Amino acid sequence: MNNSIPPRAASAGSEAEELLSAPAEWDLPPSRHLHYKDVLMQHIDHDRAPSTQARPAPRRRLARKVVLLPLASMALAGALIITLSGGDDTSAPVTRAAGTNNASAVLHRIALAAMATDTTPVKEEQYVYVESLTRSNEGTFGGPVRLGALHEREAWMSQNPGPVTRTGWIRETGKGAVMPGQLIPVESSDPVPAGIDHPTYTWLASLPTDPDALLKLLYAQTRVDEGESKEQAVFSKIGELVGETIMPPANASAFYKAAARIPGVQETPDAVDAAGRHGIAVTREDASSATRDEWIFDKDTLAFLGSRSYITKGKATGVTSDTLFATSAIMQRTVVNQHGKAPAPAMTDS
């Protein structure tokens, strides 16, 4: 399941355009300000504050890491705040699909499909390569949500068990990209061992396959952002791990079964990823942080397609309808022997 990704949509983003929200005036509560302020830390050169412990990146990423860039990027960083891409504000409001209580059954079906996947172990000297399409909020704090342009993101995640300070590389390409075309290291000022913030194949393979034991471990090890519930933090962490890693089938199956045990998880019968592909979604809304996360799966193969994140309507946010602020689509996931180079396109039958 983890490395079985449907082919790229022929007209990526065409249907996704219809789901993008119009700018909704909203003011984040203090806890969410801190959550998104972490994005700025991705663009700060560690030489400017060598004694400061690296702060993790925000949730819409594989792991909570800091991307340390050259000092020349500081001017760009100062202008970014949570501005991740350019874009327009002409899209239509998002209408929330009604969730159902069939999520447990759906997740168990997904778990069975994951168990049937043929996965080749990833060696310590190799990299997990993930190509995705993404759109992110470019709005400033306290201002309207505006999604930037759809663009490509490539990630090469190191399998070195460490501890290491460099756990991978990221490159974005296209109009909505930050520093387009540049290979950016994912680094931390403190060495990171293989674990929940550096999830190598070997570490993932070492986790319990009993879903209750796995969920207990995740509750113990997952960091919770201020204002966020523990349940939502764990749900989001599972989404990160199943979305952008490669792991043994038994472990992938256990993650989905563990997610089914988290209170508040629901099914959305139809959802669309950033590439315009329709699928079935598993979603959880968090009243504490006024956010909702969705994982989208292919309706036939149950392969992971992508994710969406929303600011939810209510007095705390000042928005009148759920507002999409991030969307992604996984286009390719495989194993490569070096970073910075995309794998050869997969062969298809003519």
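Which residues of strand 1 are covered on one side, and which on the other? Tyr127, Tyr129, Glu131, Leu133 and Arg135 are buried on one side, while Val128, Val130, Ser132, Thr134 and Ser136 are buried on the other. Keep in mind as you look around that this is a predicted model.

**The strand we started with**

Strand 1 covers residues 127-136, and 10 of its 10 residues are buried. Glu131 and Arg135 sit on one of its covered faces, along with Tyr127, Tyr129 and Leu133. On one flank, strand 1 runs antiparallel to strand 2 (residues 151-158), with 8 bridges joining them. If you want a spot to find that pairing, go to Glu131, whose bridge partner in strand 2 is Glu154. Strand 1 also pairs with strand 9 (residues 323-336), again in the antiparallel sense, this time over 10 bridges. Here a handy landmark is Thr134, which stands opposite Ser328 in strand 9.

**Stepping back to the sheet**

These strands belong to an open sheet of 9 strands, in the order 4-3-2-1-9-8-7-6-5, with antiparallel pairing. Strand 4 (184-192) and strand 5 (265-272) stand at the edges with a single partner strand each, so one side of each has no neighbour in the sheet. Neighbouring strands are turned by 25° against each other on average, ignoring direction. As for what links such strands, those of a sheet pair through backbone hydrogen bonds, either parallel or antiparallel.

Another pair worth a look is strand 6 with strand 7, where Glu285 stands opposite Arg292 in strand 7. Here are three of the pairings side by side.

| Strand pair | Residues | Bridges | Sense |
|---|---|---|---|
| Strand 1 and strand 2 | 127-136 and 151-158 | 8 bridges | antiparallel |
| Strand 1 and strand 9 | 127-136 and 323-336 | 10 bridges | antiparallel |
| Strand 6 and strand 7 | 278-286 and 291-297 | 7 bridges | antiparallel |

**Where the helices come in**

Helix 3 (residues 103-115) lies across strand 5, strand 6 and strand 7, and it runs at about 70° to strand 5.

Then there's a meeting of two helices. How do helix 5 and helix 7 cross? The axes of helix 5 (residues 211-221) and helix 7 (residues 249-259) come within 8 Å and cross at roughly 75°. Angles from 65 to 115 degrees count as roughly perpendicular, and helix 5 and helix 7 are therefore roughly perpendicular to each other. On the helix 5 side, Pro211, Leu214, Leu215 and Leu218 make the contact, meeting Ala254, Phe255, Lys257 and Ala258 in helix 7. By type, the residues of this contact divide into 7 nonpolar, no polar and 1 charged.

Note on methods: Residues numbered from 1 in each chain as written. Predicted model: local features only at pLDDT ≥ 70, side-chain atom pairs only at ≥ 80, totals over all residues. Heavy atoms only, no water. Buried < 20%, exposed > 50% of the residue type's maximum accessible area, 1.4 Å probe, protein only. Helix = DSSP H or I, 4+ residues; strand = E, 2+ residues; numbered from the N terminus. Pairing = 2+ DSSP bridges. Axes fitted to C-alpha atoms, helices over the stretch in contact; angles between N-to-C directions. Contact = heavy atoms within 4.5 Å. Parallel < 35°, antiparallel > 145°, perpendicular 65-115°, else oblique. Nonpolar A, V, L, I, M, F, W, Y, C, P; charged D, E, K, R; others polar.
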